[in-house]
Amino acid sequence: MKLKTAVITLGLAVAVCAPWQQSLADEAAGKATMKEKMFIKKAADGGMTEVKLGQVAQQNGGSDDVKDFGKRMVDDHSKINDNLKDVAGKMNVTVPSKVSATHHAVIERLSNLHGAAFDKAYVKEMVKDHKKDIAEFEQAKNEVKNDDLKSFISNSTETMKDHLQRIEKFDQAK
């Protein structure tokens, strides 16, 4: 009976340690860690959402400022998304090809608004989203191991901080 218990205990220990050991092996081989993979997928989802919402802003925005900001989102986040794809490719991580259901719902909600109503909702969404994204990117920078991904995070964070500054001015003016 003691031998059977020992075998079961050893089996459980191996099962618990195996993912951790695989993560260490992946890291040593230059592959993405689980946290890096999760960050890349989340960043890609957010980036695609920013591009789509920027396109909607250009069509549905009431003010030229909002339409111009939407164009900036499309331009800047398209570049960020391309950079992320390059980094992810080097790490053998596949980025999603479409936005998550959560982000799709936001896009749909804002797509049904026009003019001043759109502007107000879009600005509010952009302020909230950029604050959240900046915090997540800054946290990820301390957690990821890959140098290319760290560089991507630093560069993208600076761009998002610029976006936040710009959109907060709109928010304060409303």
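This report covers the confidence, the two largest pockets and an aromatic cluster of a predicted model.

**Confidence**

The protein chain has an average pLDDT of 87, and 80% of its residues reach at least 70. Residues 18-29 stay under 50 in pLDDT, and for this stretch the model has four contacts beyond four places in sequence. Where pLDDT is low, the predicted coordinates should not be read in detail.

**Pockets**

The largest pocket holds about 400 Å³ of space. Its lining is made up of 25 residues, and those nearest the centre are Phe39, Lys42, Ala43, Glu136 and Phe137. Two or more lining residues come from each of α2 (34-60), α3 (64-90) and α5 (115-143). Among these elements, α2 gives the most, with ten residues.

The second largest pocket has a volume of about 160 Å³. Its lining includes Ile80, Asn83, Asp86, Val87 and Lys90, together with Asp148, Ser151, Phe152, Asn155, Ser156 and Thr159. Helices α3 and α6 (147-173) each give two or more residues to this lining, and α6 has the largest share with six residues.

The table sets out the classes of the lining residues.

| Pocket | Nonpolar | Polar | Charged |
|---|---|---|---|
| Largest pocket | ten residues | six residues | nine residues |
| Second largest pocket | three residues | five residues | three residues |

**Serine 156**

Serine 156, one of the residues that line the second largest pocket, is placed in helix α6. Serine 156 counts as buried because its relative accessibility is 3%, the cut-off for buried being under 20%. Leaving aside residues up to four places away in sequence, serine 156 touches Ile80 and Phe137. Ile80 also lines the second largest pocket, whereas Phe137 is among the residues nearest the centre of the largest pocket.

**Aromatic cluster**

The model has four aromatic pairs. In one of them, phenylalanine 39 and phenylalanine 137 meet edge-to-face, with 4.9 Å centre to centre and 75 degrees between the planes. This pair links distant parts of the chain, since phenylalanine 39 is in helix α2 and phenylalanine 137 is in helix α5, 98 residues apart. Both phenylalanine 39 and phenylalanine 137 are buried.

Phenylalanine 137 also pairs with phenylalanine 152 in a tilted arrangement, at 6.2 Å centre to centre and 45 degrees between the planes. Because phenylalanine 137 lies in helix α5 and phenylalanine 152 in helix α6, the pair ties together parts 15 residues apart in sequence. Phenylalanine 137 counts as buried at 7% relative accessibility, and phenylalanine 152 is buried with a relative accessible area of 6%. Ring pairs thus link Phe39, Phe137 and Phe152 into a cluster.

Terms used: Residues are numbered from 1 along each chain as its sequence is written. This is a predicted model: local features need pLDDT of at least 70, side-chain atom pairs count only at pLDDT 80 or more; totals for chains, interfaces and linings use all residues. Side-chain values use heavy atoms; hydrogens and water are left out. On a 1 Å grid over the protein atoms alone, a cavity is a set of points where a 1.4 Å probe fits but cannot get out, and a pocket is an open set with protein on both sides within 12 Å along at least five of seven lines; lining residues have an atom within 4 Å of a point. Grid points are joined across faces, edges and corners, and a volume is the space filled by probe spheres set on the points. Helices (H or I, at least four residues) and strands (E, at least two) are DSSP runs, numbered from the N terminus. Ala, Val, Leu, Ile, Met, Phe, Trp, Tyr, Cys and Pro count as nonpolar, Asp, Glu, Lys and Arg as charged, and the others, Gly among them, as polar. Buried means under 20% relative accessible area, exposed over 50%, partly exposed in between (1.4 Å probe, protein chains only). Contact means heavy atoms within 4.5 Å. pLDDT is the predictor's confidence in each residue, from 0 to 100. Rings of Phe, Tyr and Trp (its six-membered ring) pair if their centres lie within 6.5 Å; planes under 30 degrees apart count as stacked, over 60 as edge-to-face and the rest as tilted.
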